[in-house]
Number of protein chains: 2
Amino acid sequence: MRKLSVFIAMSLDGYIAQPNDDLSFLKLVEKEGEDYGYAEFTDTIDTLIIGRKTYDHVLNEIGSSHYDNGQRDVYVITRTQRPNSGRTIFYTGNLAELVQRLRSENGKGIYCDGGSEIINELLKNDLVDEFIISVIAILVGDGKRLFKDGRPEQQLELLNTKTFDTGLTQLHYRRKR
Amino acid sequence: MRKLSVFIAMSLDGYIAQPNDDLSFLKLVEKEGEDYGYAEFTDTIDTLIIGRKTYDHVLNEIGSSHYDNGQRDVYVITRTQRPNSGRTIFYTGNLAELVQRLRSENGKGIYCDGGSEIINELLKNDLVDEFIISVIAILVGDGKRLFKDGRPEQQLELLNTKTFDTGLTQLHYRRKR
């Protein structure tokens, strides 16, 4: 079955952004030629699920190239209908139903690229199979948490860890079933 | 200068206890003969700082042997005065002042054994020098967080990571000054 993965960076204290969606702490680990396995990971997926706010944020900050349009399906989870554009689909339906449908189809992996609302909705429905979490050596102190309160307990299996000279530690877990 | 260390376990989603102070998820990593470096760590310290609630909880669950009374000074941070007992001191004063005084004295390391209120008060005052955090391979979903919102940003240096066959990953950081 196609697996759904979360590949994301957080501070040691568990935040993916500082207040006002400030992502500047990610600059601490920027290093020429080091993508922390991102390209290798995205080679294993052909479908991306992303929240509307994160989608717009990335479009503004990086541009549409990030979504590699035409190479993979991009589902933008939103409450507001918009016309689809190429392989980018604006999806207003139920998130769990979308994931269950995608999983029943043939294909490569499914990647949830955030934001935290979408990730937590997936976690509540026990739909995340794999976590690749890059822990950055900073306590940011406040902001948007990767993991919100009020989810079910889920046991994980540690697959491996990698450390980098930028102080980043990448933790790779699989959901225990 | 004497350093102040936090040596603690948390779930991947950042909790040190599930609701109602349930610590049963720690049983996932219990293993005969494996203390995850605890004895080696406590050999480097001679002073313990602990919140009153955590102190009482440990007394009930493990007994006073955990505090190894007579071997080290134990400061129990409380709002209610109690008579001291051997090297156990019930401290009702200002926590930051206590740490600053201890640091100005000679001695081995200082260990904060929780709870999260005390740790976060130390973090707000930038008084933690070293973090040894054991990440347990579980999302517990809810409970008491190690890191609360509303602290200052603090950059860390990764010293090393260790993984164990129980799925525990131990992350060791030093506060960057």
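Modeller: Two residues are in contact if their C-beta atoms, placed from the backbone, lie within 7 Å. This is a predicted model, where local features need pLDDT of at least 70, side-chain atom pairs count only at pLDDT 80 or more, and totals for chains, interfaces and linings use all residues. Residues are numbered from 1 along each chain as its sequence is written, while chains are lettered from A and ligands numbered from 1 in the order in which they are written.

Biologist: Which residues is A:Leu122 in contact with, leaving aside its neighbours within four places in sequence?

Modeller: A:Leu4, A:Leu95, A:Val99, A:Cys112, A:Leu127 and A:Val128. By definition, their C-beta atoms therefore lie within 7 Å of that of A:Leu122.

Biologist: What makes a nonpolar core, and which residues touch the most other members of the largest one?

Modeller: A core is a set of buried Ala, Val, Leu, Ile, Met, Phe, Trp, Tyr and Cys residues joined through C-beta atoms within 7 Å. Buried means 20 or more other C-beta atoms within 10 Å of the residue's own; exposed means 12 or fewer, and partly exposed is in between. The largest core has 89 residues, and A:Leu122 and B:Leu122 touch the most other members.

Biologist: How do you know that strand 10 and strand 11 of chain A pair?

Modeller: Strands are DSSP runs of E, at least two residues long, numbered from the N terminus. Two of them pair if DSSP finds at least two bridges between them. Strand 10 (residues 154-163) and strand 11 of chain A have 7 bridges, in the antiparallel sense, so the pairing criterion is met. One bridge joins A:Leu156 to A:Arg175. In their hairpin, with 5 residues between the strands, A:Gly167 takes a positive phi near 90°.

Biologist: What else does strand 11 of chain A pair with?

Modeller: Strand 7 (residues 130-136) of chain A, antiparallel, through 6 bridges. There A:Ser134 stands opposite A:Gln170.

Biologist: What joins strand 8 of chain A to strand 10 of chain B?

Modeller: 2 bridges, and the strands run antiparallel. The count is at least two, so this is a pair. B:Gln155 is the bridge partner of A:Ile138.

Biologist: Why are the copies said to be related as by a two-fold rotation axis?

Modeller: Superpose them by least squares on C-alpha atoms of residues with pLDDT of at least 70 in both. Chain B lies on chain A with an RMSD of 0.0 Å after a turn of 180° and a shift of 0.0 Å along the axis. The relation is thus as by a two-fold rotation axis. In chain B, the C-alpha nearest the axis belongs to B:Gly14, 3.3 Å from it.

Methods. Helix = DSSP H or I, 4+ residues; strand = E, 2+ residues; numbered from the N terminus.
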